[in-house]
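The following exercises concern the strands, helices and cores of a protein chain. Attempt each task before reading its solution.

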Amino acid sequence: MAELDIGEHCNIQSCHQKDFLPFVCDSCSGVFCAEHRSRESHSCPEIPVKKEVLTSGGSTSYQCTFEGCKGKELLPVQCPECQKNFCLAHRHQDDHKCEKLEAPKPRMAATQQLVKNIVESKKGLPASKGRKGAKNSATAAKVALMKLKLHAAGDKGLPQTERTYFQVFLPKEAKESSLPMFFCSKWSIGKVVDYAASLASLKNNNNVLTAKKLRLCHPQTGEALRMDDTLLSWLSHSECPLYNGGNVILEYLDNDCTELEDVSVYLPQS
């Protein structure tokens, strides 16, 4: 499979960051990353053209409340924690430095109970079978990692030390069952979901309140990972970590759904 070359580098010489969804300034026509998209942040040399915003008898727009951002959206994109409106580039808690951003929690109570039940169910098995789990998953991931590095699609501008590779199993309605991809270990889970959806050409309505949400799920427990957790926090998780070279699952879930019912329908039978 050919690697995808998505995005462009920011025109700011001191930045030069590659963004897979770059912004084009409507005044100077320069290409910039999310950090330098506003005219003030990239010192735009052109005089901006004032645009009228219809507020009566027509459409209106919603101003991003992030400091220094001039972005607007036709529909409200509200943070569920601080209740403020933001543009798509700042909708995640870590992107708009949410005042109510919490440190990643070790584990949800429901998932802890699920892991405990799995461990209890393995106690009666013979040693050769009962030892399957985290150790075997880590070993399998190391073997798979070598193959993934040959075919995975991702941002080629990412340093090798920050790349994390996964075989991403796609929603049931997708044309492909899975695709190899790599992401930055420093990204939030929400950003990983957005980027994976772009690579796989999946419909992503995560900014629509009433739509089903595209979620990244754990390949063993089926848990839908918190969008504001970092990928790095799951790679170093003490109980049930993700593995570089391992599997993850993308699926559309209802707003109140926190996990997949059956992960076996996505993953290949061992």
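**Exercise 1. Strand pairing**

Task: In this predicted model, determine in which sense, parallel or antiparallel, β9 and β10 pair, and in which sense β7 and β10 pair.

Solution.
Step 1. Strands β9 and β10 are joined by five bridges, and their sense is antiparallel. One residue pair to locate is C217 with its bridge partner I249 in β10.
Step 2. Strands β7 and β10 are joined by four bridges, and here the sense is parallel. For a residue pair, find F166, which stands opposite G246 in β10.
Step 3. Turn to the covering of β10 itself: of its eight residues, seven are buried, and the strand is thus mostly covered.

**Exercise 2. The surroundings of a helix**

Task: State how many of the 11 residues of helix α4 are buried, and name what covers them.

Solution.
Step 1. Helix α4 spans residues 189-199, and nine of its 11 residues are buried.
Step 2. The buried residues include I189, V192, Y195 and L199. The list also contains G190 and D194.
Step 3. Among the elements that cover these buried residues are β8 (178-184), β9 (213-217), α5 (231-235) and β10 (246-253).
Step 4. Just after α4, the backbone at S201 adopts a positive phi of about 55°.

**Exercise 3. The nonpolar cores**

Task: Establish how many residues the largest nonpolar core has and which element supplies the largest share of this core.

Solution.
Step 1. The largest nonpolar core has 36 residues, and V168, L170, M181, F183, L202, L216 and L250 have the most contacts inside it.
Step 2. At least two residues of this core come from each of α3 (134-151), β7 (163-169), β8, α4, β9, α5 and β10.
Step 3. Helix α4 gives the largest share, seven residues.
Step 4. Consider L202 as an example: with neighbours within four places in sequence left aside, its contacts are L170, P171, A174, A197, L214, L250 and Y252.
Step 5. Another core, of nine residues, lies apart from the largest one; C217, A224, L260 and V263 are among its members.
Step 6. As a general remark, nonpolar side chains in soluble globular proteins tend to be buried together.

**Exercise 4. A loop residue**

Task: Explain why Q220 is classed as partly exposed.

Solution.
Step 1. Locate Q220 in the loop between β9 and α5.
Step 2. The relative accessible area of Q220 is 34%. Buried requires under 20% and exposed requires over 50%; Q220, at 34%, is therefore partly exposed.
Step 3. Finally, compare positions: Q220 and S137 are 83 residues apart along the chain, and their C-alpha atoms are separated by 9.7 Å.

Technical notes
Residues numbered from 1 in each chain as written. Predicted model: local features only at pLDDT ≥ 70, side-chain atom pairs only at ≥ 80, totals over all residues. Heavy atoms only, no water. Buried < 20%, exposed > 50% of the residue type's maximum accessible area, 1.4 Å probe, protein only. Contact = heavy atoms within 4.5 Å. Core = buried A, V, L, I, M, F, W, Y, C linked by side-chain atoms within 4.5 Å. Pairing = 2+ DSSP bridges.
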